[in-house]
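Reader: I am new to this structure and should like to understand the terms applied to its ligand site. Please set each value against its definition.

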Amino acid sequence: MITASAPAKAILMGEHSVVYHRPAIAIPLPQVRATAEVKAGTRGDGLWLYAPDIEHQARLDAGHSDDPLAVTIFNALDWLGQPRSQDLVVTVRSAIPLARGMGSGAAIATALVRALAGYFGRPAPPAEVSALVYQTEVLFHGTPSGIDNTVVAYEQPILFVRGAPPVPLGVGGVFYFVIADTGIASPTKIAVGDVRRAWQAAPATYEALFDHLGGLVEAAWEAIAAGDAARLGPLMTQAQAGLVELGVSSPELDHLTQAARTAGALGAKLSGGGRGGIALALVEPDQVVAVAQALLAAGARQTLTAALLPDGGRRTEDGQVDPRIDTNASAPRADS
Ligand code: MEV
């Protein structure tokens, strides 16, 4: 039996404008993961998929095209040069909340590809895994930029421009974030589709807004490289204002980002598709607990703490890129 996993992700800056070829910054959240397990099935039984979290089980036929997991499995088998008819049992589990802008779909698909590659004894280089998962994203998420599958497959903080290889993020200091879950599921596809229609109706206005958001990402990239949290915070808050203008915030996200700032966060914004999902606040290390508590008091379902560390490029003993995000165990959590 082979088990593999993949992390959740958060967009630090540049969601939505990244779809329109502006840069964006994304980080993996390795402490929240999806896992996939592959084992031999009973001879003649075919390919079975189990998703116990959602009480789902199905025998997959090669023609399956309406289930993202089935599509991912068959694309992965094609990539591995294996026949689509297999006696296999595939089980997926995920601790990543669904439709919260945390990349749950990309993480489950990545874990599946990694587990199938492991089962058939093939390496799973991030670029190839990312390209495979992108195929699923395109089928089921409209017009994705590719940032989710890339940051999840590379499992490294990245600067991303659509269509180009990801650039590892240079990190000049430690940055602490509190992530607040609104508890509101909001499929990215819907927000992305609404932005597209707005852009089609008023292209000049939206191109200018995308330029503005892209410029903030470039400034954030410099602030991160310089280890300058005091500079990064206001850039995040300015990005939130731009995202409000884009129409992808919500009363809950406005409230949470405001609550974080009032509690002393250096900056705060929504993260991912918006409308629901998560907010991301940049905090000084000694404010982590206070800001997390303020977010819970303001209605967040749960909070998660992450740190972006300056030791990029390290590799673990098994050759994996060492994630530069840590959990801060002292943060309060609710109904996780
Ligand atoms: C989703 O994590 C980020 C969006 O920019 C969509 C995309 O890039 O595909 C909202």
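Author: A polar contact is a pair of N or O atoms within 3.5 Å; within protein, one must be able to donate a hydrogen and the other to accept it, and residues adjacent in sequence count only if both atoms are side-chain atoms. This is a predicted model, in which local features need pLDDT of at least 70, side-chain atom pairs count only at pLDDT 80 or more, and totals for chains, interfaces and linings use all residues. Residues are numbered from 1 along each chain as its sequence is written, and side-chain values use heavy atoms, leaving out hydrogens and water.

Reader: What makes the pair between D148 and the ligand a polar contact?

Author: A polar side-chain atom of D148 lies 2.8 Å from an oxygen atom of the ligand. The limit is 3.5 Å, so the pair counts as a polar contact.

Reader: How do you know that S145 and K9 also make such contacts?

Author: For S145, the distance from a polar side-chain atom to a ligand oxygen atom is 2.6 Å; for K9, it is 2.8 Å. Both pairs therefore satisfy the cut-off.

Reader: How much of the ligand does the protein bury?

Author: Taken alone, the ligand exposes 300 Å², of which the protein buries 96%. Such accessible areas come from the Shrake-Rupley method with a 1.4 Å probe; for residues, only the protein chains shown count as cover.
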